[in-house]
Amino acid sequence: MTPPTLEEVEDAIEKKLDGLFEQLSEEFETVLNEAEARVDVWIAAVVSGDLSLDEFRDLVEGEKEILELEVLHKTVSAKALTNTIKNFVLEQIVAAVETVLE
Amino acid sequence: MKKPLLALLLATGCALAPYSQESVDTAATLRDQSAAVMALAVRPFADYKDSVALLRSRLEAALTVERGRPDNNESIQQWILLTSRSGSLLGGFLTRWEANGTLGQLFVNEKRTQVMRAFAIIIATEEAKR
């Protein structure tokens with residue numbers, strides 16, 4: 001089996017990264033839309049007296065902290081993906097060298 | 001023009017703590033215990049201060065374990081956000097309960113949902129290290 005060329009490996013990486021950025025963008029958009037819907041419910045609860053303004057502020061702060069958790073999660077996912085790609089590239093290089101040596 | 005991408009990838013060090021099943025199990029157990037304790041916050045804090053103290057000590061122990069793992073900065077930051085007494089997730093909720101004596105049902109329900117989501121993200125973060 002012929003190992004892929006460097007260009008082919010780079011194309012594969014670019015495709016994978018493009019897919020990741022697209023997925024991240026969609027996921028964050030969903031998270032923000034859901035947060036917006038929750039804030040609307042809380043505003044109605046403040047108006048009806050079921051939530052105090054202070055409780056409302058704390059819930060909104062909680063949403064911001066959850067977003068921070070999400071960003072940290074995506075950072076770990078991106079690092080794991082980078083490591084996977086890096087290992088793949090190194091395997092391809094080793095395979096290419098072995099082919100030349102044979 | 002693609003060469004820099006490959007060079008950057010090979011040169012970049014992405015140190016990541018190895019996956020820990022123990023961390024996932026601890027988070028899942030604390031999630032369930034936290035949900036149970038939070039549900040009590042519509043009642044007087046004084047009646048449950050021992051349960052809260054126990055939960056706080058377990059959360060601190062979990063954070064200590066996470067701090068002891070190498071290359072684990074993101075998870076440590078997540079646990080700090082979750083447990084900070086001056087924050088707006090679990091730690092802040094327990095502080096508020098202690099300060100106010102009791103909390104409203106809607107606030108407890110909504111905050112509990114937030115805290116459960118926070119635990120789910122922490123667990124997913126650990127799973128991503130597999």
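**Exercise 1. Find how many cavities of 30 Å³ or more a search of the whole structure gives, and describe the largest.**

Step 1. Count. The search finds one cavity of 30 Å³ or more. A cavity is a set of points, on a 1 Å grid over the protein atoms alone, where a 1.4 Å probe fits but cannot get out.

Step 2. Size. The largest cavity holds about 30 Å³ of space. Volume here is the space filled by probe spheres set on the points, with grid points joined across faces, edges and corners.

Step 3. Lining. The lining residues (an atom within 4 Å of a point) are B:Ser23, B:Ala27, B:Glu66, B:Ser75, B:Trp79, B:Ile122 and B:Glu126. Helices α2, α4 (73-83) and α6 (105-127) of chain B each supply at least two of them. Helices are DSSP runs of H or I, at least four residues, numbered from the N terminus.

Step 4. Class. The lining divides into three nonpolar, two polar and two charged residues. Ala, Val, Leu, Ile, Met, Phe, Trp, Tyr, Cys and Pro count as nonpolar; Asp, Glu, Lys and Arg as charged; the others, Gly among them, as polar.

This is a predicted model: local features need pLDDT of at least 70, side-chain atom pairs count only at pLDDT 80 or more, and totals for chains, interfaces and linings use all residues. Residues are numbered from 1 along each chain as its sequence is written, chains are lettered from A and ligands numbered from 1 in the order in which they are written, and side-chain values use heavy atoms, with hydrogens and water left out.

**Exercise 2. Describe how α2(B) and α5(B) pack.**

Step 1. Geometry. α2 (residues 21-39) and α5 (residues 90-100) of chain B pack at about 25°, their axes 11 Å apart. Axes are lines fitted to C-alpha atoms, for helices over the stretch in contact; angles run from 0 to 180 degrees between N-to-C directions.

Step 2. Direction. α2(B) and α5(B) are therefore roughly parallel (angles under 35 degrees; over 145 is roughly antiparallel).

Step 3. Contacts (heavy atoms within 4.5 Å). B:Ser34, B:Val37 and B:Met38 in α2(B) meet B:Leu90, B:Phe93, B:Leu94 and B:Trp97 in α5(B). The contact has six nonpolar, one polar and no charged residues.

**Exercise 3. Describe how α5(B) packs with α6(B).**

Step 1. Geometry. The axes come within 10 Å and cross at roughly 155°. That makes α5(B) roughly antiparallel to α6(B).

Step 2. Contacts. B:Leu90, B:Phe93 and B:Arg96 in α5(B) meet B:Phe107, B:Val108, B:Lys111, B:Val115 and B:Phe119 in α6(B). Six of these residues are nonpolar, none polar and two charged.

Conventions:
Helix = DSSP H or I, 4+ residues; strand = E, 2+ residues; numbered from the N terminus. Parallel < 35°, antiparallel > 145°, perpendicular 65-115°, else oblique. 1 Å grid on protein atoms, 1.4 Å probe; cavity = no way out; pocket = protein on both sides within 12 Å on 5 of 7 lines; lining within 4 Å.
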